[in-house]
Amino acid sequence: MKICMLGTGSLGSTIGGTLAQGGSEVYFVDQWKEHIDKINENSLKMTDEKEEWFVKVDARTSAEGIGPVDLVIVLVKSFATKEAVAQLKKTNVIGSETLVMSLQNGLGNEETIAEVVGEDNVISGKTYVGGRLLEPGYVSAGVKGKYTYIGELTGKITDRIQAVCEEFNKAGLLCEVSDNIKGLIWDKLLINVAAGALCGITRLPYGPLYEEDYIKDTAVEAIQEGINVAKAAGVKLKSEDPEYAWYAASEGLPGTFKTSILQSLEMKRPTEIDFINGSVVEWGKKFGIATPVNKTLVTCVKGIEKFLLEYEPSLKK
């Protein structure tokens, strides 16, 4: 299968590198030139925290010349989705039979992609694979025992969704097809709600984060708000126990793991907080469900963003 990874940060590099190692024809497309140059110079360096290996990948800052692919996996930040997919479409990478799958965090990405490529070309997925960029061209891959669930937006089990699933499993990426992908999107949202913002605010990786009961208490309250909103929206969840999402978030990941929100803050880049805890807040407004804990977490992360991106640079002048 010919696959284009649109966005090759920590998770895109982990999944794309694993697919390439499994025999897929993989292309990395990302604007981070230093990362792309390192991959082209030395191949993608990967580690599972026990051993290291290198994977040859065709990495580019532009998709020109790649030609139509079978599958585009979108892993850019949610706020950049529409522009990134639109730019990719202009290069003819997305043909009439190309599937475009979001594995992004949060809610609403599939709808955004469909605005550009049409709903018939869009499939969805949620992954529990973890990744952490150690430096440009070098990623820590949390793949072992971590499932990716994919599905048609209609819930139908089609030949094309089965083919994608087989491609993932062939590479050692545990994958299952779901007829309730919208429910699984919410399941993954709750897992991101569990630790994403708290990891970013405290600056703690998973090891010390999960040692503190007061952090767990806050996380459980935030998850419960999300569960309340999901139930009001008629979403079928895997579990309505908030502690399930709390523990599922760290399962199989090393104590050094950092959420994407913390990784973004450390690189002084905007986070996806509006599409994670912010989604709970916005959907809560639609159904009249109070979400004070998630609103507070959003406020804290946005405050840190503003300090790092706007205020801190002025202090150095």
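**Exercise 1. The chain as a whole**

What percentage of the 317 residues of the protein chain count as buried? Work out, too, how the chain compares with a compact globule.

*Solution.* Before we start, a word on the material: this is a predicted model, in which local features need pLDDT of at least 70 and side-chain atom pairs count only at pLDDT 80 or more, while totals for chains, interfaces and linings use all residues. Residues are numbered from 1 along each chain as its sequence is written, and side-chain values use heavy atoms, with hydrogens and water left out.

Step 1. Take burial, where buried means under 20% relative accessible area, exposed over 50%, and partly exposed in between (1.4 Å probe, protein chains only). By that rule, 55% of the 317 residues are buried.

Step 2. Turn to size. The radius of gyration is taken over C-alpha atoms, and the globule rule is 2.2 Å times the number of residues to the power 0.38. A compact globule of 317 residues would come near 20 Å, and the protein chain has 19 Å, so the two agree. The C-alpha trace spans about 50 × 50 × 35 Å along its principal axes.

Step 3. Look at the contacts, which are heavy atoms within 4.5 Å. Among contacts between residues at least 6 apart in sequence, 70% join residues at least 24 apart.

Step 4. Add the secondary structure. Helices (H or I, at least four residues) and strands (E, at least two) are DSSP runs, numbered from the N terminus. The protein chain has 12 helices and 12 strands.

**Exercise 2. The two sides of helix H3**

Which residues of helix H3 (residues 81-90) are buried, and which are exposed on the other side?

*Solution.* Step 1. List the buried residues of H3: Thr81, Ala84, Val85 and Leu88. They share one side of H3, because they cover an arc of only 95° around the axis. The arc is that of the directions from the helix axis to the C-beta atoms.

Step 2. Now turn to the other side of H3, where Glu83 and Lys90 are exposed.

Step 3. Ask what lies over the buried residues of H3: the cover includes strand S1 (2-6), strand S6 (71-74) and helix H4 (109-117).

Step 4. Step just past the helix: Asn92 takes a positive phi of about 70° there.

**Exercise 3. Lys2 in strand S1**

Is Lys2 buried or exposed, and which residues is it in contact with beyond its neighbours within four places in sequence?

*Solution.* Step 1. Place Lys2 in strand S1, an element already met as part of the cover of H3.

Step 2. Read its accessibility: Lys2 counts as buried because its relative accessibility is 17%.

Step 3. Check the partners. Leaving aside neighbours within four places in sequence, Lys2 is in contact with Glu25, Tyr27, Ile66, Gly67, Pro68, Val69, Asp70 and Leu71. Tyr27 is 25 residues away in sequence, and its C-alpha is 8.0 Å from that of Lys2.

**Exercise 4. Two positive phi values in loops**

Where are Ser43 and Arg203 found?

*Solution.* Step 1. Ser43 is in the loop between helix H2 (33-42) and strand S3 (44-47). Although Ser43 is not a glycine, its phi is positive, at about 75°. With a relative accessible area of 16%, Ser43 is buried.

Step 2. Arg203 sits in the loop between helix H6 (181-202) and helix H7 (206-209). Its phi, near 70°, is also a positive value in a residue other than glycine. Arg203 counts as partly exposed, at 38% relative accessibility.

**Exercise 5. Partners across the sequence**

Which residues are in contact with Ile191, and which does Leu253 touch, once neighbours up to four places away are left aside?

*Solution.* Step 1. Start in helix H6, which holds Ile191. Ile191 is buried, with a relative accessible area of 8%, and is in contact with Tyr128, Ala245, Ala248 and Ala249. Tyr247 lies 56 residues from Ile191 in sequence and 8.6 Å away, C-alpha to C-alpha.

Step 2. Move to the loop between helix H9 (242-250) and H10, home of Leu253. Leu253 is buried at 16% relative accessible area and touches Gly130, Gly142, Lys146 and Tyr206. The C-alpha atoms of Leu253 and Val143 are 8.8 Å apart, with their positions 110 residues apart along the chain.
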